[in-house]
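Please open the model in your viewer and set it to a cartoon view with side chains available. The tour below gives selections one at a time and says what is there.

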Amino acid sequence: MLPGLRGMLRDALVLPDQRWLVLTDHALTEIDVRTWEVTRKLTAKIGTYNTYLSRDDDDVIAVGSSAATMESLVSVSTMTVLKRRRRSPLLQDPIPAEAAREGAARILQHGSGLLLAATQARESAPQRLVVLSAEDLSEIISVDFPLGLSSAHVVGDGVIVAGPDIGRARSLTAIGGVIPRVNGSASQPFTTLVRTANESAAVLLQQGARRNPPRTVYRDHRLEPGDELADVTGRRLTLENCVAARAKNGHERPRISRVHVADLELQSSSLSGAVLEDVTVDGLRCPDEAGFLFGCELRRVTLKGRIRGLILNSTLDDSDPAMTAQYAQWHRERVQDPEWMLDLTGATGDLTIRGYPSRFIRRNPELQAVVTAEAAQTLDWRAVDPGRSSLGVALHELVRSDWEDVTLIANTHGAHASEDLRYIQRLRALGIAQTN
């Protein structure tokens with residue numbers, strides 16, 4: 001841990017004169033190992049969340065992400081970006097057929113007479129670490145990692161294993177005695193190394209918890225048809241890779257009932273198609289397009305606090321047209337029931353409602369307004385300049401849809417908050433948006 005470093009460690013290269021190049025989520029940093037000080041840093045033109053470094057020649061390295069098509073060429077001597085180029089495919093170790101029969105789906109390390117592999121391609125999935133002999137690929141040992149497995153490294157006569165949440169929890173594991181000792185020599189004290197690292201991480205997490213308490217993370221959960229999640233209360237929860245299954249019958253739709261959560265985060269998760277009943281969420285964050293919820297049936301759902309990136313769409317488009325039609329029918333049946341759907345009176349932030357009629361929504365008139373389909377068809381709302389507000393997009397969607405109306409919600413936390421409010425006020429002044 002050094003002052004000046006930020007983000008997860010992604011890759012590193014050794015340079016002459018006891019220097020290291022360290023790649024984190026947000027920068028490429030040079031460190032003088034003799035003094036453990038940051039000597040140079042590059043952030044411009046390399047982007048964020050890169051995942052690898054590779055040498056191009058003696059002075060040039062490539063910086064890029066395995067998920068991107070372009071990479072940056074950086075001069076080590078000047079610490080500047082020379083140019084951008086389309087990256088070459090990243091070569092991965094092929095999985096031998098014998099290793100695949102042992103369950104290997106991802107090669108973690110191949111060397112020191114061992115082949116280390118994971119039995120799942122995705123880091124966060126429950127899986128096993130399989131340690132095989134490099135000579136005949138016979139199994140030496142296997143260990144279950146129910147919370148996932150990120151990487152494994154041979155150290156001394158054993159293996160050090162890191163889980164996918166290494167930045168959020170102590171998750172280094174030491175497995176000793178994997179390699180027989182030569183001539184009775186003592187193995188490197190890697191168990192001591194792991195213990196020291198875990199103790200150091202615990203101290204850092206305790207320090208960080210004073211400012212930012214730790215979160216509880218639930219991974220890879222799936223609500224199957226007929227499942228119900230009920231009577232849950234929680235705080236600072238993260239759902240990662242959690243989904244709700246499709247149902248062919250209405251009574252089998254996955255259901256979430258009597259749930260009250262403060263500070264909820266959705267990561268690569270979707271509850272689309274589920275029934276939400278008597279649910280309260282106080283603070284919601286939906287990064288990476290996880291906030292698109294399609295075809296949910298809402299009954300007495302209350303959103304409070306700051307909402308970030310949530311889009312509620314009443315329709316659910318499935319690859320099976322019959323499934324799409326079935327969810328549309330369930331929505332038509334729901335709007336015949338007078339029970340209210342959403343309470344937004346205490347919610348602020350980035351929130352979009354599509355297809356849910358305003359008569360089922362409890363609103364804050366200071367931040368939210370309603371434009372009916374009739375007003376959008378007969379009144380000249382296009383003459384109202386939205387400025388930099390994006391709320392006008394909802395009116396274009398309204399005239400192309402079969403919605404009764406649309407609820408416009410000003411994002412008071414956004415960069416264009418004043419223009420959102422001004423746009424709503426002008427629509428109300430011209431009688432386009434309802435005043436109540």
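The stops that follow go through a predicted model, taking strands, cores, a pocket and a cavity in turn.

**Stop 1: strand E10**

Select residues 114-118, which make up strand E10. Five of its five residues are buried. Turn on the side chains: Leu114, Leu116 and Ala118 point one way from E10, while Leu115 and Ala117 point the other way.

Add residues 106-111, strand E9. E9 and E10 run antiparallel and are joined by five bridges. Look for Arg106, which is opposite Ala118 of E10. The two strands form a hairpin with two residues between them. In that turn, Ser112 has a positive phi of about 60 degrees.

Now add residues 127-133, strand E11. E11 is antiparallel to E10, and five bridges join the two. To find one of the paired positions, select Leu116 and its bridge partner in E11, Val131.

**Stop 2: the largest nonpolar core**

Hide the earlier selection and pick Leu298, Leu303, Leu310, Leu342 and Ile353. Among the 37 residues of the largest nonpolar core, these touch the most other members. Strands E18 (228-240), E20 (255-267), E21 (275-285), E23 (297-313) and E24 (342-354) each supply at least two residues of this core. Which strand gives the most to this core? It is E23, with six residues.

Center on Leu310. Leaving aside residues up to four places away in sequence, Leu310 touches Leu284, Cys286, Gly291, Leu293, Leu303, Asp350, Leu351 and Thr352.

A second, separate core has 19 residues. Select Val371, Ala376, Ile424 and Ala433 to see some of its members.

**Stop 3: the second largest pocket**

Select Leu229, Leu239, Ile256, Leu264 and Leu271. Of the 30 residues that line the second largest pocket, these are the closest to its centre. The volume of this pocket is about 650 Å³.

Color the strands around the pocket: E17 (222-223), E18, E20, E21 and E23 each supply at least two lining residues. The largest share of the lining comes from E18, with six residues. By type, the lining divides into 25 nonpolar residues, four polar and one charged.

**Stop 4: the largest cavity**

How many cavities of 30 Å³ or more are counted? The count comes to one. The volume of the largest cavity is about 70 Å³.

To display its lining, select Arg253, Gly295, Cys296, Glu297, Leu298, Ser314, Tyr327, Trp330, His331, Arg334, Met341 and Tyr356. Two or more of these residues come from E23, and two or more from helix H3 (321-334). H3 gives the most to the lining, with four residues. This lining divides into six nonpolar, three polar and three charged residues.

**Stop 5: Asn313**

Finish with Asn313, which is in strand E23. Is Asn313 buried or exposed? Its relative accessible area is 10%; buried means under 20%, so Asn313 counts as buried.

Show the neighbors of Asn313 as sticks. Not counting residues up to four places away in sequence, Asn313 touches Leu293, Phe294, Gly295, Cys296, Arg354 and Tyr356. Of these, Gly295, Cys296 and Tyr356 are among the residues that line the largest cavity.

Key: Residues are numbered from 1 along each chain as its sequence is written. This is a predicted model: local features need pLDDT of at least 70, side-chain atom pairs count only at pLDDT 80 or more; totals for chains, interfaces and linings use all residues. Side-chain values use heavy atoms; hydrogens and water are left out. Buried means under 20% relative accessible area, exposed over 50%, partly exposed in between (1.4 Å probe, protein chains only). Two strands pair if DSSP finds at least two bridges between them. A nonpolar core is a set of buried Ala, Val, Leu, Ile, Met, Phe, Trp, Tyr and Cys residues joined through side-chain atoms within 4.5 Å. Contact means heavy atoms within 4.5 Å. On a 1 Å grid over the protein atoms alone, a cavity is a set of points where a 1.4 Å probe fits but cannot get out, and a pocket is an open set with protein on both sides within 12 Å along at least five of seven lines; lining residues have an atom within 4 Å of a point. Grid points are joined across faces, edges and corners, and a volume is the space filled by probe spheres set on the points. Ala, Val, Leu, Ile, Met, Phe, Trp, Tyr, Cys and Pro count as nonpolar, Asp, Glu, Lys and Arg as charged, and the others, Gly among them, as polar.
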